[in-house]
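Trainee: Could you take me through one part of this structure slowly, residue by residue where that helps, and then place that part in its surroundings?

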Amino acid sequence: MSASKRARGSGGSLWQIRAAIDPRQYWLLALAGLVAPLVVWLAASHLDGIDKVFLPGPADVLTRIWSWASDDDLTADVAISTWRVVAGWALSAAIALPLGLFIGSYRAVQALLEPLTDFIRYMPAVAFIPLVMLWVGIEEGSKVAIIFIGTFFQMVLMIAEDVRRVPLAQIEAAQTMGATRGEILEKVIVPFAKPALLDTLRVTMGWAWTYLVVAELVAANSGLGYAVLKAQRFLQTDKIFAGILLIGLIGLLIDQSFRLIHRKAFPYLAGRQR
Amino acid sequence: MTASIDIRDVAKTFGHGARAIHALEGANLTIRPNEFVTFVGASGCGKSTLLRMIGGLESLSRGSIAVNGQPIGGPGVDRAMVFQHYSLYPWLTVADNVRFCRQLKAHTRDRTSADVEKAAGRADALIRLMGLSHVAHAYPSQLSGGMQQRVAIARALMSRPPILLMDEPFGALDAQTREVMHDLIRHVHRIEGSTIVFVTHDVEEAIYLGQRIVLMAPRPGRIDTLYDVPLPTERHQDMKLAPAFLALKRAILERIRETSGMKTDLEQLARLNADAAATAME
């Protein structure tokens with residue numbers, strides 16, 4: 001009785017809530033998670049009566065990426081899109097970091113700005129397109145502006161929250177050691193919040209990419225998002241697939257780079273469950 | 001270095017009007033230089049509030065607190081504080097946590113190379129004193145709760161504060177670790193000569209550590225009784241079984257029960273027991 005119970009217990013260890021699993025199992029599952037949709041896609045595209053325009057197969061999409069790279073200017077599209085996303089995101093971070101630090105540290109600044117930010121962040125970025133065209137024009141600035149609008153307001157609130165998570169005891173300990181307000185911000189709050197801030201930057205970078213297609217709605221003539229929109233007009237389904245997959249792939253690469261920096265920059269977090 | 005603390009008619013009220021909570025009312029107390037005083041009492045008696053007010057971390061609604069005759073206005077380097085937990089800087093090693101105050105302007109004015117050398121020696125000495133030499137380059141997250149509190153104490157002592165304020169520093173530790181920490185902090189008190197104010201809810205801890213015990217009572221928070229501890233300055237664990245120790249412990253526990261307003265209703269308990277017995281019989 002008790003033996004069978006124990007056997008069942010160890011057999012179900014994959015399903016024990018929050019239990020660790022061994023790394024080999026982890027990578028196998030991660031691989032399965034990536035391969036399974038590919039297999040389903042491959043199978044579905046080979047079903048009878050499925051038009052290539054409706055659902056192109058993986059091979060069609062690969063061919064399209066290849067011809068996009070050789071005949072068309074894939075590298076330039078990737079470069080300009082990456083530039084737009086990174087510029088919009090970096091501009092947003094440059095303002096959101098100091099602002100979030102102040103909102104998270106001073107109740108007065110919080111009272112002044114947080115409700116306003118909460119209000120604006122519910123406004124759809126897409127709806128700002130006409131205004132952005134009116135105010136910023138139709139040059140590169142407008143694409144960057146759309147991505148900025150899409151990420152900035154969320155980013156400020158997340159950064160303020162990261163800053164507020166510094167334990168009060170750490171701030172008070174510094175006060176009793178004679179730290180000034182500036183020293184508390186510089187030597188306690190910022191260093192404590194750094195790992196969380198890097199995570200916030202990583203997550204918001206992902207959101208910035210999701211606004212790319214929206215941004216390239218505005219008078220663009222290059223870029224991955226623009227290519228997807230143009231392909232839609234000509235019903236080039238394989239190119240739509242290619243564009244979406246490429247955006248996903250670039251996002252994955254950037255995300256993994258952030259995670260790598262996180263591991264290298266904060267060795268004191270090693271081994272701690274997050 | 002040491003200092004006296006004068007607490008005069010200190011009160012603390014949270015909130016306004018009918019909703020106001022009187023966390024502390026009219027506290028008067030004089031703490032002598034190099035004294036080891038423990039605050040003990042039921043929860044809500046204002047012992048932590050009073051300690052934080054001495055530390056300058058909490059404003060006074062009324063009254064005044066003076067250190068060596070000088071009224072305090074906010075936190076200061078003359079009053080170091082040890083918190084119950086989460087006060088160490090996780091991104092700094094043990095040694096860097098201990099040396100943290102050296103990064104602050106308040107501690108580095110008129111710095112000469114002799115000062116720097118003295119500070120480095122001080123940090124090393126504290127790390128040795130606290131038994132942290134083997135973990136000096138570890139991060140706080142790699143240490144047990146007891147070791148973390150040793151780091152917190154070493155860090156607080158780094159600038160030779162005349163006053164050391166401790167807010168239930170051993171409250172989260174297991175009983176064995178706590179005994180070790182008790183003897184360690186008594187040793188620190190002897191060799192550093194600082195005035196120590198120590199808040200706890202553990203009566204045994206209050207008696208074993210303190211020369212004087214300040215018993216506080218809740219609703220409204222106030223100082224209730226002062227007890228002199230009838231034990232020699234030199235303490236050891238066996239004393240916890242001495243008749244004088246036990247008698248004082250009984251008296252304090254009795255007084256806490258009287259003032260806390262929370263009693264076990266023995267009649268109610270007896271009735272519940274009888275019901276349970278009757279149910280079991282059926």
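Mentor: What follows is a close look at strand S3 of chain B, the sheet around this strand, and then some other parts of the two chains. Please keep in mind throughout that this is a predicted model.

Strand S3 of chain B covers residues 36-41 and is mostly covered, since six of its six residues are counted as buried. Phe36(B), Thr38(B) and Val40(B) point one way from the strand, whereas Val37(B), Phe39(B) and Gly41(B) point the other way, and the residues of both sets are buried. This fits a general pattern, because in a regular strand the side chains alternate between the two faces of the sheet.

To which strands is S3(B) joined, and by how many bridges? Five bridges join S3(B) to strand S8 of chain B, residues 195-200, and the two run parallel; within that pairing, Val40(B) has Thr200(B) as its bridge partner. Five bridges also join S3(B) to strand S9 of chain B, residues 212-217, and this pair is parallel too. Along S9(B), Arg212(B) stands opposite Val37(B), while Met216(B) is the bridge partner of Gly41(B).

Stepping back to the whole sheet, six strands of chain B form an open arrangement in the order S6-S7-S8-S3-S9-S10, with mixed pairing. S6 and strand S10 (222-228) of chain B stand at the edges and have a single partner strand each, so one side of each is left without a neighbour in the sheet. From one strand to the next, the twist averages 20 degrees. Helix H4 of chain B, residues 145-157, lies across S6 and strand S7 (163-167) of chain B, and runs at about 175 degrees to S6(B).

The edge strand S6(B) also leads to the other chain. In helix H8 of chain A, residues 168-176, the buried residues include Glu172(A), Ala173(A) and Ala174(A), together with Gln175(A) and Thr176(A), and what covers the buried residues of this helix includes helix H9 (181-210) of chain A as well as strand S6 (79-82) of chain B. Just after H8(A), Gly178(A) takes a positive phi of about 90 degrees. Taking the interface as a whole, 16 residues of chain A are in contact with 25 residues of chain B. On the side of chain A that touches chain B, the elements that give two or more residues are H8 and H9 of chain A, and H8(A) gives the most, with six residues. The residues on that side of chain A divide into seven nonpolar, five polar and four charged.

Beyond the edge strand S10(B), Lys240(B) lies in the loop between S10 and helix H7 (243-260) of chain B. Is Lys240(B) buried or exposed? Lys240(B) is partly exposed, because 16 other C-beta atoms lie within 10 Å, a count that falls between the 12 or fewer of an exposed residue and the 20 or more of a buried one. Leaving aside residues up to four places away in sequence, Lys240(B) touches Glu204(B), Tyr208(B) and Phe245(B). The C-alpha atoms of Lys240(B) and Tyr208(B) are separated by 7.2 Å, although the two residues are 32 residues apart along the chain.

How values were computed:
Residues are numbered from 1 along each chain as its sequence is written. Chains are lettered from A and ligands numbered from 1 in the order in which they are written. This is a predicted model: local features need pLDDT of at least 70, side-chain atom pairs count only at pLDDT 80 or more; totals for chains, interfaces and linings use all residues. Helices (H or I, at least four residues) and strands (E, at least two) are DSSP runs, numbered from the N terminus. Two strands pair if DSSP finds at least two bridges between them. Two residues are in contact if their C-beta atoms, placed from the backbone, lie within 7 Å. Axes are lines fitted to C-alpha atoms, for helices over the stretch in contact, and angles run from 0 to 180 degrees between N-to-C directions. Ala, Val, Leu, Ile, Met, Phe, Trp, Tyr, Cys and Pro count as nonpolar, Asp, Glu, Lys and Arg as charged, and the others, Gly among them, as polar.
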